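Colleague: I'd like to go through some of the labels on this model with you. Can you show me how each one follows from its value?

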Amino acid sequence: MKFANTAAQQRVHDEEVQGLSRRNIWNKIFKGVCFTATAFSILMLLVLLIRILTQGIGFLDWGLIVNFASRNAEDAGLLAALAGTIWLMMVAAPVSFILGVGTAVYLEEYAPSNKFTNLLQTNISNLAGVPSVVFGLLGLTIFNRLMGMGASVVAGGLTLSLLVLPIIVVASREAISAVPTDVKHASYAMGATKWQTIFRIVIPTALPGVLTGTILALSRAIGETAPILVLGALTYVAATPSGLLSSFTAMPVQIYNWTGRPQQEFQDIAAAGIIILLLMLLFMNSIAVFIRSKFQKRF
Amino acid sequence: MEDRSKLSVSERIEQRTKGSGSSSFTEKLMPVVFFICALISILTTVGIVFTLLFETVTFFSNVPFADFFASTEWYPFFSDPQYGIWPLVNGTLMIAGIAMLVAVPFGLGAAIYLSEYASEKVRKTVKPILEVLAGIPTIVYGFFALTFVTPILRSIIPGMDIYNALSPGIVVGVMIIPMIASLSEDAMSSVPNSIRQGAFALGATRMEVTVKVVMPAALSGIVASFVLGVSRAIGETMIVTVAGGASPTMTVDPTGAVQTMTAYIVQVTQGDAGYGTPIYYSIYAVGMTLFIFTLMMNLLAHYISRRFREDY
C-alpha cells in the first residue's frame, strides 16, 4: 500500500516536472518571439538609415547646399529649401513658444477647475490627434485665402505653429508642474506677487523642460511636408525668401518633389537631401538632450 | 510715519500693493494674456471645424449628398465627374489594415519584451532608439517605401504595380510600431510588481504571468494604443502619396494602386484645380470625412483608456 502510494506520487511528480519543463519551453519560445519583434523593429531603422546613407552619400557635395533647384540633377541644390525652412522656423519658433508656454502657464497657475478648463484640456489633446493634412486645409483657408497672406512664409509658419502647439503645451505643463510648491511659497513669503513669482521663479526654473519640448516640437515641424504642401508651398523655387510674404519651399517639400521624378539621378539627390534633413534633426535633438541633461534642476 | 506703524500687517500689505500701481496692473493683465494664449487652441479647433463645415456645405450645394455616400465611383477629373467617397475610404482602410497587421504584432512584441523580459539597461537603450524611429519625417518613410520596399516586393510578387497598397501599408506599419510599443509598454510597466510576484509565487512562468496577469491588467492601455495607431495610419499622408498611387478604386487587391483620402487632398492642391470649382470644394468634403474618422478614433481611445482603466 505504502509502495503503491509513493509510485502514484512519483507519477504525479514526473508529470508535474514534465509539465513544468514544457511550460518553461513555451516561456523561452515566447521570450524569443518578443525579442525578435524588438530586434526587427530596430533592424528596420538600421536598414532605412543604411539604405539612405549608401544611396545618398556619394551625391552629398557643396553644390547641393549652395545651388538652387534645377531641371538638371547635377546642378540641383537645396538652397531655396534650406532658406525656406529657416524662414519658416523664424516664424514658427516664437509664435509656438509664446502660445504654448502661455497656455501652459494659464492651465497650471491661473485656470480655475471648471467645465471650461476641462474643455480646454480635452481640446488640446484632441488637436494633437488631428491629421497634419487637415492643418494644411486650415492654413489654406484661413491664412492663405481668408487673411490674404497667400502661400507665404508667414502662412506656413503659423500653420506649423498651430500644428505643434499641443506638443509644447504638454511639455511645458509638465515642466511647470514640476516646480516645487515650496519654492513658490518662499517667493510669496518674500512679498512677491503672483506674476512676479511666475516670471522670476516658475518660468526660469521650468525653462530647460520648456525649451526641450519646444526644440523637439520644432524638429517635428521641420519634417512636416503635408500641411505646407496643401497650404500651397511651391515645389520649384529658384530664390530664397526675401520677406514674410514671400513664397517659399522647404526641405521636405523639395525632397518630395525629387522623389516624384522618374529619373534615377533625382532619387539619388533626394537621398542626399534626406541625409542633410536627418543631420539637421539629429543636431536639434542633441541640443534638446544637452539642455535636458545640463540644465534640468532636480529638487 | 507714526501712523503707519499702528497699521496691522494685512493693512500694510494692502497699502503696499495699492502703492505700486504698475505692478497691480500687470497682476491683472497677465492672466488675461495667458488666457488669450489658451484661447488660441480653442480657436484652432473652431477654425478647423468651421472651414471644413463651411466649404463642405458649398460642395454639397453642387454635388448631391446621395452621390457622395451612395456612389462607389470617384472620378472628379472626368468631364462627367463622379463623387462617391467609398473608393477613397476603401484605399484608406486598406492601407490602415495592412499597417496594423504589421504594427500590432511587432509593437506589442516589443512592448512585452521591454516591459517583462529586458533588463533595465536594455530598456533604457532600446526605448530611445525606438523614439528616434518615431521622429523620422514621413517623407523619408515615403522615399524608403517607393525606392526600397516596392522594388523588393515587386521581385517577390510578379505583376505588382509600381504604385500599390502593400508597400506603403507595410511602411506605415513600421512607422507606427514605436508608438504602439511605447504606449503599450507604459501601460504594462504601470502594472504593480506585487501582482506579478503573486503569480510567480503560485508557480507561474514569466510567459504565464505576462499573458494571463499583466496583459489583462493593462488591456485598456494596450487597446487604446492600437486605436491611436489606426488613427495615425488613417491620417498619414506622405507615405501613401509617394508610394500608394492615385487610383481611387474599390479593389481589395493590395498589389494594385489605390488612393487614400489624404493622398487625394495633396493631389488636388498640387494640381491646377481652380479656386471655386467643385474639385476644389471636394477636398474639404474629403477632409471632413477624414477629420470625423480620426476624431472618432481618438475619442474612442480616450474613452477606452478612461473607462476600462484598472485601479490598483
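Colleague: Why is Glu224(A) called buried?

Modeller: This is a predicted model, so take every value as computed from it. Glu224(A) has a relative accessibility of 10%, and buried means under 20%, so Glu224(A) counts as buried.

Colleague: What makes Arg220(A) and Glu224(A) a salt bridge?

Modeller: The closest N and O atoms of the two are 3.2 Å apart, and the cut-off is within 4 Å, so the pair qualifies. Arg220(A) itself is partly exposed at 39%, because that value falls between the 20% and 50% limits.

Colleague: How do you know that Lys184(A) and Glu109(A) are paired?

Modeller: By that cut-off again: their side chains come to 3.2 Å, N to O, and a salt bridge needs within 4 Å. Lys184(A) sits in helix 7 (residues 181-189) of chain A and Glu109(A) in helix 3 (residues 79-110) of chain A, so the bridge ties together parts that are 75 residues apart in sequence.

Colleague: Are those two residues buried or exposed?

Modeller: Lys184(A) is buried at 14%, and Glu109(A) is buried at 13%. Each label follows because buried means under 20%.

Colleague: Why does the pair Lys124(B) and Glu120(B) count as a salt bridge?

Modeller: The N to O distance is 3.9 Å, and the rule asks for within 4 Å, so the pair counts. Lys124(B) and Glu120(B) are four residues apart in helix 6 of chain B, so about one helical turn separates them.

Colleague: What makes Lys124(B) exposed and Glu120(B) partly exposed?

Modeller: Lys124(B) has 61% relative accessibility, and exposed means over 50%, so Lys124(B) gets that label. Glu120(B) has a relative accessible area of 45%, which lies in between 20% and 50%, so partly exposed is the word for Glu120(B).

Colleague: Which residues are linked with Glu120(B) in a network of salt bridges?

Modeller: The network takes in Glu120(B), Arg123(B), Lys124(B), Lys127(B), Glu185(B) and Asp186(B). Over all chains, the rule gives a count of ten salt bridges.

Colleague: On to helix packing. Why are helix 5 and helix 6 of chain B called roughly antiparallel?

Modeller: Helix 5 (residues 86-117) of chain B and helix 6 (residues 120-135) of chain B pack at about 155°, with axes 10 Å apart. Angles over 145 degrees count as roughly antiparallel, so that is how helix 5 of chain B lies to helix 6 of chain B. Their crossing is left-handed.

Colleague: Which residues of helix 5 of chain B meet helix 6 of chain B?

Modeller: Tyr113(B), Leu114(B) and Ser115(B) do, and on the helix 6 side they meet Val122(B), Arg123(B), Val126(B), Lys127(B) and Leu130(B). By type, the residues of this contact are five nonpolar, one polar and two charged.

Colleague: And what makes helix 9 and helix 10 of chain B oblique?

Modeller: Helix 9 (residues 193-201) of chain B and helix 10 (residues 206-217) of chain B pack at about 125°, again with axes 10 Å apart. Roughly perpendicular covers 65 to 115 degrees and roughly antiparallel needs over 145, so helix 9 and helix 10 of chain B are oblique to each other. This crossing is right-handed.

Colleague: Which residues meet in the contact of helix 9 with helix 10 of chain B?

Modeller: Helix 9 of chain B brings Ile195(B), Arg196(B), Ala199(B) and Phe200(B), and helix 10 of chain B brings Arg206(B), Val209(B), Val213(B) and Val214(B). Six of the residues in this contact are nonpolar, none polar and two charged.

Colleague: Last pair. How do you know that Thr150(B) and Gly56(A) are buried?

Modeller: Thr150(B) has a relative accessible area of 2% and Gly56(A) has 0%; buried means under 20%, so the label holds for Thr150(B) and for Gly56(A). Thr150(B) lies in helix 7 (residues 138-156) of chain B, and its contacts beyond four places in sequence include Asp161(B), Ile162(B) and Ser167(B). Gly56(A) belongs to helix 1 (residues 2-56) of chain A, and beyond four places in sequence Gly56(A) touches Asp268(A), Ala271(A), Ala272(A) and Ile275(A).

Methods. Residues are numbered from 1 along each chain as its sequence is written. Chains are lettered from A and ligands numbered from 1 in the order in which they are written. This is a predicted model: local features need pLDDT of at least 70, side-chain atom pairs count only at pLDDT 80 or more; totals for chains, interfaces and linings use all residues. Side-chain values use heavy atoms; hydrogens and water are left out. Helices (H or I, at least four residues) and strands (E, at least two) are DSSP runs, numbered from the N terminus. Buried means under 20% relative accessible area, exposed over 50%, partly exposed in between (1.4 Å probe, protein chains only). Contact means heavy atoms within 4.5 Å. Axes are lines fitted to C-alpha atoms, for helices over the stretch in contact, and angles run from 0 to 180 degrees between N-to-C directions. Angles under 35 degrees count as roughly parallel, over 145 as roughly antiparallel, 65 to 115 as roughly perpendicular and the rest as oblique. A crossing is left-handed if the near helix is turned anticlockwise from the far one by less than a right angle, and right-handed if clockwise. Ala, Val, Leu, Ile, Met, Phe, Trp, Tyr, Cys and Pro count as nonpolar, Asp, Glu, Lys and Arg as charged, and the others, Gly among them, as polar.
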